[in-house]
Amino acid sequence: MSITTKGTALITGASAGIGAIYADRLAKRGYDLILVARDKTRLAGLAQRLRSSTGRSVDTVAADLNDKADLAEVEATLRANADITLLVNNAGVGATAPLLNADVAKMDEMIRLNVGALTRLSYAAAPGFVARGVGTIINISSIVAISPETLNGVYGGSKAYVLAFSLSLHHELAEKGVHIQAVLPGATATDFWDAAGVPLHHLPAAIVMSADDMVDAALAGLDQGEVVTIPALADKADWDRYEAARRAMSGKLSSAVPAPRYGVGANGPTPKAAVASAK
């Protein structure tokens, strides 16, 4: 029995790892696919397997999202194709080296992909989703978004942006029919680690989740309506308390006068007291 289509999902970084698993799972859920990645050969092989196993329509776009022309092509697809109902911003790179050991040119490339491309693609998709009153954007962040000391700081900063951007999009678009989800994986068994300079087998097995389990957990979180999904976090109440503390503090962060503990401005010593202390 064929599954009624849920529209088309566009997935970046789709030729392998997390992106390829999203492609498999979403096709089985009834989505047609547009797969975006740099490796044309791997894309073609994955597309053929998915067509055969799921019967879904699968198109491919060979694109380097750090190339302006390639990125513009994907943006144009998101704007023009009204069948697209889901965007998975999965493409990204990481780093594990400390700041002083990292190549700043590589860090710049990482920011342009992890932050710049994700932002532009979200901007390309969101207006159409709002106009049609339906759509989902899944942004793959990382636990380093809330634990920046864990790996390279630029990588952590880029993923913190993804989390903050996703929370802001949710705030703006939730009432307009657009569901935003930020996924924060921990260590996941993909080629990320080899590319980042730390072979996967160097990590304790107890902290490494399979990519299949990670994606399945993330999609379960999506089904449950989560805005932030942390697949390895056992107790959701831990995140709820973290988020509640952040939201509670947000109303205390702007004031016409400095906090009393700084002893300046309206909370500083009176002029007479200051003169007396100077004597």
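Before anything else, a word on terms: helices and strands here are DSSP runs, at least four residues of H or I for a helix and at least two of E for a strand, numbered from the N terminus. With that convention, valine 227 sits in the loop between helix 7 and strand 9, the latter being residues 228-229. Please keep in mind throughout that what we are looking at is a predicted model.

Let me start with the chain as a whole. There are 279 residues in the protein chain, and 41% of them count as buried, while the secondary structure comes to 9 helices and 9 strands. The C-alpha trace spans about 85 × 45 × 40 Å along its principal axes. If we take the contacts between residues at least 6 apart in sequence, 67% of them join residues at least 24 apart.

Now to the interior. The largest nonpolar core has 30 residues, and the members that touch the most others are Ile11, Tyr22, Leu26, Leu33, Leu35 and Ile138. Two or more residues come from each of strand 1 (8-12), helix 1 (17-28), strand 2 (32-37), helix 2 (40-54), strand 4 (84-89), strand 5 (135-140) and helix 7 (211-223), and helix 1 gives the most, with 7 residues. A second core, separate from that one, holds 27 residues, including Ile34, Ala63, Leu87 and Ile180. Coming back to isoleucine 11, and leaving aside its neighbours within four places in sequence, I find it in contact with Gly19, Tyr22, Ala23, Leu26, Leu33, Ile34, Leu35, Val36 and Val88.

Let me turn to threonine 12, which is also placed in strand 1. Why does threonine 12 count as buried? Its relative accessibility is 1%, and the class takes in residues under 20%. A polar atom of the threonine 12 side chain lies 2.9 Å from the backbone nitrogen of alanine 91. Beyond four places in sequence, threonine 12 touches Val36, Leu65, Val88, Asn89, Asn90, Ala91 and Leu121.

Threonine 12 also brings us to the empty space, since it lines the largest cavity together with Leu65, Asn89, Ala91, Leu113, Ala117, Leu118 and Leu121. The count comes to 1 cavity of 30 Å³ or more, and the space in the largest is about 40 Å³. Helix 4, residues 104-132, makes the greatest contribution to that lining, with 4 residues; by class, the lining divides into 6 nonpolar, 2 polar and no charged residues.

The second largest pocket, with about 310 Å³ of space, has a lining of 14 residues, among which Leu167, His170, Val227, Glu243 and Arg247 are the closest to its centre. Helix 5 (153-173) and helix 8 (236-250) each supply at least two of the lining residues, with the largest share, 7 residues, coming from helix 8. In this lining I count 4 nonpolar, 4 polar and 6 charged residues.

That returns us to the loop residue I opened with. Is valine 227 buried or exposed? Valine 227 counts as buried because its relative accessibility is 17%, and the cut-off for that class is under 20%. Apart from neighbours within four places in sequence, valine 227 is in contact with Leu167, His170, Ile180, Gln181 and Ala182. For the pair valine 227 and histidine 170, the separation is 57 residues in sequence, and the C-alpha to C-alpha distance is 7.5 Å.

Methods: Residues are numbered from 1 along each chain as its sequence is written. This is a predicted model: local features need pLDDT of at least 70, side-chain atom pairs count only at pLDDT 80 or more; totals for chains, interfaces and linings use all residues. Side-chain values use heavy atoms; hydrogens and water are left out. A nonpolar core is a set of buried Ala, Val, Leu, Ile, Met, Phe, Trp, Tyr and Cys residues joined through side-chain atoms within 4.5 Å. Buried means under 20% relative accessible area, exposed over 50%, partly exposed in between (1.4 Å probe, protein chains only). Contact means heavy atoms within 4.5 Å. On a 1 Å grid over the protein atoms alone, a cavity is a set of points where a 1.4 Å probe fits but cannot get out, and a pocket is an open set with protein on both sides within 12 Å along at least five of seven lines; lining residues have an atom within 4 Å of a point. Grid points are joined across faces, edges and corners, and a volume is the space filled by probe spheres set on the points. Ala, Val, Leu, Ile, Met, Phe, Trp, Tyr, Cys and Pro count as nonpolar, Asp, Glu, Lys and Arg as charged, and the others, Gly among them, as polar. A polar contact is a pair of N or O atoms within 3.5 Å; within protein, one must be able to donate a hydrogen and the other to accept it, and residues adjacent in sequence count only if both atoms are side-chain atoms.
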